[in-house]
Amino acid sequence: CYRDYLKSDKDVFIKLFGQIRIETLKGVITSARLQNAKYDLIKLFVVSNHPLNPKEIIEQIEPNKVPRGEGGIRQLISSTRKITRNILPGGINLIETMPNGYQLASDLNIITDFSWFIKYCKKANNESALIKKARYLQKAVDLYRGDILVSDDSGDKIGVALTTTYNRICHNIVEELCDINNQLANYNDVHRVAAEA
């Protein structure tokens, strides 16, 4: 269902709302294959704007899920690369090694559902026509398919922070979308949006 976001073989759509899903033109990896620490690792790299060294990774991922020490992080990164290798262009790993740590591959165009969620929110804020504003808000709501999975409330700092932020934003969008539909006398849409929320 995210094929509209994929244009080339280097596009990688990472869905974090609800259950994780990684999709490319070559295939899909679902949450069933990316469990526990692999999921947390990808989530951590998606929100980081710089390479992360093993110590930073260990600090952010729940300790009981990560093999101990730098060797354990290398093992986790290696197993994550193996799982994602078949859906990526030849020779490119999802996670690349940098001199100062690891990051998502710079050769790939990483697209996430929550980055598009924010883009639709910004487009809606800049739109004065109610019908167009409602269309952008609806697109944002359509991407929000459940909270970002918090894998463990005692250690998943990033998941808890993202879930809290996006849950609040989505709640505000739903209220605004219902209000706009009410102003436009689209009462069926008011009911539908409220029921889906």
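Trp116 and Tyr120 both lie in helix α4 of this predicted model. Four residues separate Trp116 from Tyr120, about one turn of the helix. The ring centres of Trp116 and Tyr120 are 5.5 Å apart, and the planes meet at 50 degrees, so the pair is tilted. The burial of the two partners was then examined. Trp116 has a relative accessibility of 23% and therefore counts as partly exposed. Tyr120, at 8%, counts as buried.

Helix α4 has 13 residues, which at 1.5 Å a residue should span 18 Å. The C-alpha atoms at its ends are 18 Å apart, in agreement with that expectation. Tyr120 is one of the buried residues of α4; the others are Asp113, Phe114, Phe117, Cys121 and Ala124. These residues cover an arc of only 115 degrees around the axis, which means that they sit on the same side of α4. The elements packed against the buried residues of α4 are two strands, β1 and β6 (109–112), and three helices, α1, α5 and α6.

Aromatic pairing extends beyond this helix. The count comes to 10 aromatic pairs. In one of these, Phe17 and Tyr144 have ring centres 4.8 Å apart and planes at 50 degrees, so the pair is tilted. This pair links distant parts of the chain. Phe17 lies in the loop between β1 and β2 (21–24), and Tyr144 in the loop between α5 and α6, 127 residues apart. Phe17 has 0% relative accessibility and thus counts as buried. Tyr144 counts as buried as well, because its relative accessibility of 12% is under 20%. Phe17 and Tyr144 belong to one aromatic cluster, together with Phe114, Phe117 and Tyr166.

Tyr166 connects this cluster to further residues. Residues up to four places away in sequence aside, Tyr166 touches Phe17, Phe114, Phe117 and Tyr144, and also Ile118 and Ile148. Tyr166 is also among the residues with the most contacts inside the largest nonpolar core, along with Ile22, Ile57, Leu94 and Phe117. That core has 58 residues. At least two core residues come from each of β1 (11–15), α1 (37–47), α3 (69–84), β5 (101–104), α4 (113–125), α5 (130–143) and α6 (157–183). Helix α6 gives the most, with 10 residues. In soluble globular proteins, nonpolar side chains tend to be buried together.

Burial is not confined to nonpolar side chains. Lys133, in helix α5, has a relative accessibility of 11% and so counts as buried. A polar atom of the Lys133 side chain lies 2.7 Å from the backbone oxygen of Ala124. Ala124 is itself one of the buried residues of α4. Beyond its neighbours within four places in sequence, Lys133 is in contact with Ala124, Asn125, Glu127, Glu176 and Ile180. Of these partners, Ala124 and Asn125 fall within α4 (113–125), whereas Glu176 and Ile180 fall within α6 (157–183).

A second lysine of helix α5 is Lys139. Lys139 has a relative accessible area of 36% and is therefore partly exposed. Between Lys139 and Lys7 the C-alpha to C-alpha distance is 19 Å, and the separation in sequence is 132 residues.

One backbone feature stands apart from these side-chain results. Most residues other than glycine have a negative phi. Ala185 is not a glycine, yet its phi is positive, at about 60 degrees. Ala185 is placed in the loop between α6 and α7 (187–196). With a relative accessible area of 42%, Ala185 is partly exposed.

At the level of the whole chain, seven helices and six strands are present. Along the sequence they follow the pattern β-β-β-α-α-α-β-β-β-α-α-α-α. The C-alpha atoms fill a box of roughly 60 × 40 × 30 Å along the principal axes. Of the 197 residues in the chain, 45% are buried. Among contacts between residues at least 6 apart in sequence, 56% join residues at least 24 apart. The pair of Phe17 and Tyr144, 127 residues apart, is one link between distant parts of the chain.

Key. Residues numbered from 1 in each chain as written. Predicted model: local features only at pLDDT ≥ 70, side-chain atom pairs only at ≥ 80, totals over all residues. Heavy atoms only, no water. Core = buried A, V, L, I, M, F, W, Y, C linked by side-chain atoms within 4.5 Å. Buried < 20%, exposed > 50% of the residue type's maximum accessible area, 1.4 Å probe, protein only. Contact = heavy atoms within 4.5 Å. Polar contact = N/O pair within 3.5 Å; in protein donor to acceptor, adjacent residues only side chain to side chain. Expected span 1.5 Å × (residues − 1). Arc of directions from axis to C-beta. Phe/Tyr/Trp six-rings, centres within 6.5 Å; stacked < 30°, edge-to-face > 60°.
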